Amino acid sequence: MNHFTGANNHLLVLNRGEQLHQQLELFADKHQLKMAWLSGLGGADSLTLGYYNLKTKQYKWQSFNQELEILSLTGNLSIVDGHPFWHIHGSFSGPDYKVIGGHVKSLSIGLTGELFITPHGADITRAYDETTGLKLICPL
Ligand code: ZN
């Protein structure tokens, strides 16, 4: 991982083989980030996406073990149970140019990962929500 600090933000460049969530968690710990916004692009060589079914309150997971363009990653950071939690969604394409996307459970970097992180000062966390069955953003 390479890190470049801006005026109020960070540029992270991830290398082939690095795990997206692991690197982001390390970065949040190191820089004591509590809330932040993420955007990014690059290439993946494997990933697992989820689709959340509100009726069953369960994710349907699917893994893709192929080189894919990372068209767009967007996400946010909150602190859950004392640990950084990155919630990330993404869209991806392969050689047929068709787009797939969803909730990003895991992603191994292929070509590169170019991530832009903007810290935010809000004191938030996530708490279980009965209606959705998910941990949603709420005040700390
Ligand atoms: Zn999600």
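What follows is a walk through this predicted model, from its metal site and core out to its surface and loops. Residues are numbered from 1 along each chain as its sequence is written, and side-chain values use heavy atoms, with hydrogens and water left out. Because this is a predicted model, local features need pLDDT of at least 70 and side-chain atom pairs count only at pLDDT 80 or more, while totals for chains, interfaces and linings use all residues.

Let's start with the zinc ion. Its protein donors are His-87 (NE2), His-89 (NE2) and His-103 (ND1), at 2.0 to 2.1 Å from the ion. Donors here are N, O and S atoms within 2.8 Å of the metal (3.2 Å for Na, K and Ca), and since water is not among the atoms, sites may look incomplete. Along the sequence, the spacing of the donor residues reads H-x1-H-x13-H. His-89 sits in strand 6 (residues 83-93) and His-103 in strand 7 (residues 99-120), 14 residues apart, so this pair links distant parts of the chain. Strands (E, at least two residues) and helices (H or I, at least four) are DSSP runs, numbered from the N terminus. His-103 counts as buried because its relative accessible area is 13%, whereas His-89, at 37%, is partly exposed. The cut-offs are under 20% relative accessible area for buried, over 50% for exposed, and partly exposed in between (1.4 Å probe, protein chains only).

Now for the inside. The largest nonpolar core has 25 residues, and the ones touching the most other members are Leu-20, Leu-24, Leu-73, Trp-86, Phe-92, Leu-107 and Ile-117. At least two residues of this core come from each of strand 2, helix 1, strand 3 (35-53), strand 5, strand 6 and strand 7. A nonpolar core is a set of buried Ala, Val, Leu, Ile, Met, Phe, Trp, Tyr and Cys residues joined through side-chain atoms within 4.5 Å. Pick out Leu-107: setting aside neighbours within four places in sequence, Leu-107 is in contact with residues including Leu-20, Leu-73 and Phe-92, as well as Glu-18 and Gln-19. Contact means heavy atoms within 4.5 Å.

Ser-93, also in strand 6, is buried because its relative accessible area is just 8%. Not counting residues up to four places away in sequence, Ser-93 touches Leu-68, Glu-69, Leu-71 and Lys-98.

How many salt bridges does a search of the whole structure find? There are two, a salt bridge being a side-chain nitrogen of Lys or Arg within 4 Å of a carboxyl oxygen of Asp or Glu. One joins the side chains of Glu-67 and Arg-16 at 3.1 Å, N to O. Glu-67 is in the loop between strand 4 (58-64) and strand 5 (68-80), and Arg-16 is in the loop between strand 2 (10-14) and helix 1 (20-30), 51 residues apart. Another pairs Asp-81 with Lys-135 at 3.4 Å, N to O. Asp-81 lies in the loop between strand 5 and strand 6 and Lys-135 in strand 9 (residues 134-139), so this pair ties together parts that are 54 residues apart in sequence. Asp-81 is exposed at 64% relative accessible area, while Lys-135 is partly exposed at 42%.

Next door in sequence, Leu-134 is in strand 9 too and is partly exposed, at 23%. Its C-alpha is 9.2 Å from that of Gln-58, 76 residues away along the chain. Leaving aside neighbours within four places in sequence, Leu-134 is in contact with Tyr-52, Tyr-59, Ala-127, Tyr-128 and Asp-129.

Over on the surface, Phe-4, Leu-11 and Phe-116 form a nonpolar patch with about 270 Å² of accessible area together. Patches are made of residues with over 30% relative accessible area and no salt bridge, joining nonpolar side chains (Val, Leu, Ile, Met, Phe, Trp, Tyr) within 5 Å and like charges within 9 Å. The areas come from the Shrake-Rupley method with a 1.4 Å probe, and for residues only the protein chains shown count as cover. Phe-4 belongs to strand 1 (residues 2-5) and is partly exposed at 46%.

Finally, a look at the backbone. Most residues other than glycine have a negative phi. Gln-32, though not a glycine, has a positive phi of about 50 degrees; Gln-32 lies in the loop between helix 1 and strand 3 and is exposed at 69%. Tyr-97 also has a positive phi, near 65 degrees. Tyr-97 is in the loop between strand 6 and strand 7, and is exposed at 71%.
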